[in-house]
Amino acid sequence: MTLSEGPATVPLLSVRGLTKLFGSFAACNAIDLDIAPGEIHALLGENGAGKSTLVKMLFGVLQPSAGQILWQDAPVTIASPGEARRLGVGMVFQHFSLFEALTVAENIALSLDPKISLARISEEAASLSKAYGLPLDPQAHVADLSVGERQRIEIVRALLQNPKLIILDEPTSVLTPQEADRLFETLFKLKAEGRSVLYISHRLEEVRRICDRATVLRHGKVTGACDPSQETPASLARMMVGSDVAEVHRDNTAALGDIRIEVSNLSVPARTPFAVSLKNIAMKVRAGEVLAIAGVAGNGQGELFDALSGEYPVAEDEAIRIRGKAVGRTGINGRRLLGAGFVPEDRHGHAAVSAMALSDNLLLARSQSDKKAFLSGGAFSVIRFDAIRSATRRICEAMDVRKSGEDPQAGSLSGGNLQKFIVGRELDRQPSVLVVNQPTWGVDAGAASRIRQALIDLARSGSAVVVISQDLDEIFEVATNIAVISEGRLSEAYPAGMLTLERIGLLMGGIHESHSIPETAHAH
Amino acid sequence: MFEAILLTVITASTPLVLAALGELVTERSGVLNLGVEGMMIMGAACAFVAAQLTGSPYIGILAGILGGGIFSLLFGFLTLTLVANQVATGLALTILGLGLSGQIGEAFVGQPGIKLQPIVFPLLSDIPFFGRVLFRQDLIFYVSIALVVGINWFLFRSRTGLKLRAIGDSHASAHALGINVIRTRYLAVMFGGACAGLAGAQLSLVYTPQWVENMSAGRGWIALALVVFASWRPWRILAGGYLFGAVGIGQLHAQIVAQNLGIVIPSQFLSALPYAATIVVLIIISHNRRTTLINTPASLGKPFVPDR
């Protein structure tokens, strides 16, 4: 595969004053960007900074409101993804654009010339995936594949079109460190072939490691262009966030108390064909402890949370004990009455009703556990609006929730602020047990550090906290002990100081060592 | 006797198979059109009127196809362009179709119709039993069988069919790949309408060659149930359509037999049998949830608005 290149000084792709308006809101505001041939160019920014909007315009999914795109110095209009592909732009989406009901080969065929037969596509995909070290079975149904494998399909699909520029949108957020390393090798191979890569990420370390240049976005504007290897993570973070991010403080001296959550022999069959079954899970969490559960998305985190929270009670009553009481068959309210609090993963629709006010959302979650405070009139259960409003105010103050108006709809808050409210709603009860799933997923750095600090503080005040997270940085920040979930199996818990990123990666990949870990291994 | 019953079963089953095949293609593209009954009765009315006016049942067939197809375009415009709720629009389409067809056919009530004559295959039709049953049928029957084969090939062998299934599975992903979701859905909706129209033409030109208001008599609803029953697979539509047709004919005979024996079975109970059968079969096939999920169009009934 050879590429015809212009003179080295001509950028492969340039963007001048590119703007995208949604109503009056500018998701991208006068963006300038140059990508040279054969470079790995990072696009850095927090969630909502406009990275995804920008690349959607480059790939023809969205049309710019103003500005110009130049391809090898010639102005182009990219009206559709088909046109982008014809130019030589390939895209690997963050939320996979795969069809679960179709096979790998069928998925790939959809973006290729219809004249090529399925059999040939299968063959080419298999050989290409081998050449780039991305093993794939063309006949498998996507529904049966892991997230890492699904990403490989996207990459192979993009590569089959022989692109000059490959855009990767947050590719490592779903990968284990080892899988990510393999991806980086593939990217270096592409670079060596003279292809350009636009690499979107908010992970500073990996950007510093693999990217030649970086463009930083904040609130839809370019706030910096730099050589990432010359920057420190702190200086990059400042460009991304616009201010220094508060560091999370933790002291490791806290004494552990009694066992608050005890899970033993917990096995749960998969509820749907695409769900993961939990296999023989055991864990103990003591008062004062933060147990962080690491793992790549889709390895049973959601199922484990459902079992722990009682959203789906389990068959064995004895399998889960909260504060010594067997609660396996108890529902979510019964467990809350024992002093437990739960924060599920999905902010919209699961942890909160987007179309209802914050105070209503507060009442929905706590109407049973705080019946006395929020309801009056005995059996009539009349809502005490003054009580829920003042509680809402209290939570918003405690967690620094920024909102418009006194009691706005949950959906009108930004992700970070809504998440702060949802976590604050549970913290307000001073739960003696708290289980949180992905507490800072898609949340800006400021809100994330606030939430993490709150979780640590809760544990320090004598509660048992379980944090299920995909974010390894977060895990090392908050955890006293770390366990890893992989394919529905939970590893034993190791003290955070004894684990390295590499070892967690091995555990994420399902490799469990029976030997004890060497004492010398230290993480952060 | 058996041969005669079989022939009536075929006549009763063909419109079910046709309408369900059309709806299958529509639903595979992710659109739920509950207006099958309305499109079918429009097809029946247009076909009958055109045949009466021209004297040719073949022009009638064409008019039935066009009637159903154009009527479905109204549904397409409302749900795809104006993004109206598909369930409500489909129900409205049925109500409108029943009323409008009554208006179209009003002047033709009671007129003796023109029956579509069978096409006899020489030699093949001389085969005992099978020949008489299968090769002395009208054009619409042959078309219905050809469509089963054709649609199965189209959906699972052709690239366009793959795109159609992709849209039904995830319209957002399909859009991101550059597939024209709205245009494909328009075509799928119109194909569904044309098939329902052809099914209607079969009713007013073959089954009972005359115009009676509401003559589709709920067959559109059975066709809808049939699509789910067949878990969106063309061959299962054929099997299911004949099963439902046989139950429908069987219940008539059963009633006569029962009456002769002095047993009273409420006719409503027997007419409810196909629906009861659907529920039973649904429970059985939903046991294997993986296959069901892989066949069920995941974006069925969800409106698509490209965000540009």
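**View 1. A bridge between A:V15 and A:L33 in a sheet of chain A.** In this predicted model, the residue of β2(A) that serves as bridge partner of A:V15 is A:L33. The two strands concerned, β1 (residues 13-22) of chain A and β2(A), pair in the antiparallel sense, and 7 bridges hold this pairing in the description of the sheet. Both belong to an open sheet of 4 strands in chain A, whose order is β2-β1-β4-β5 and whose pairing is antiparallel. At the edges of this sheet stand β2 (25-35) and β5 (74-76) of chain A, each of which pairs on one side only. From one strand to the next, the twist averages 30°.

**View 2. An open sheet of chain A with the order β12-β11-β14-β15.** This sheet has 4 strands, and its pairing is antiparallel. Because β12 (278-286) and β15 (325-326) of chain A are the edge strands, each with a single partner strand, one side of each is left without a neighbour in the sheet. Within the sheet, strand β11 (residues 259-268) of chain A runs antiparallel to strand β14 (residues 320-322) of chain A, and the two are joined by 3 bridges. For A:E262, the bridge partner in β14(A) is A:R321.

**View 3. Helix α9 of chain A across three strands.** Helix α9 (residues 301-309) of chain A lies across β11, β12 and β14 of chain A. With respect to β12(A), this helix runs at about 60°.

**View 4. Helix α6 of chain B and its buried residues.** Helix α6 (residues 139-157) of chain B has 19 residues, which at 1.5 Å a residue should span 27 Å, and the end C-alpha atoms are 26 Å apart, so the expected and computed values agree. The buried residues in α6(B) are B:I140, B:F141, B:S144, B:L147, B:V148, B:I151 and B:L155. These buried residues pack against several elements of chain B, namely α1 (2-28), α3 (57-81), β2 (136-137), α7 (159-169), α9 (181-207) and α11 (234-260).

**View 5. The contact between chain A and chain B.** Here 22 residues of chain A are in contact with 18 residues of chain B. On the side of chain A that touches chain B, the elements that give two or more residues are α2 (81-87) and α3 (104-109) of chain A. When the residues of this side of chain A are divided by kind, 13 are nonpolar, 7 are polar and 2 are charged.

Methods:
Residues are numbered from 1 along each chain as its sequence is written. Chains are lettered from A and ligands numbered from 1 in the order in which they are written. This is a predicted model: local features need pLDDT of at least 70, side-chain atom pairs count only at pLDDT 80 or more; totals for chains, interfaces and linings use all residues. Two residues are in contact if their C-beta atoms, placed from the backbone, lie within 7 Å. Ala, Val, Leu, Ile, Met, Phe, Trp, Tyr, Cys and Pro count as nonpolar, Asp, Glu, Lys and Arg as charged, and the others, Gly among them, as polar. Two strands pair if DSSP finds at least two bridges between them. Axes are lines fitted to C-alpha atoms, for helices over the stretch in contact, and angles run from 0 to 180 degrees between N-to-C directions. The expected span of a helix is 1.5 Å times one less than its number of residues. A residue is buried if 20 or more other C-beta atoms lie within 10 Å of its own, exposed if 12 or fewer, and partly exposed in between; C-beta atoms are placed from the backbone.
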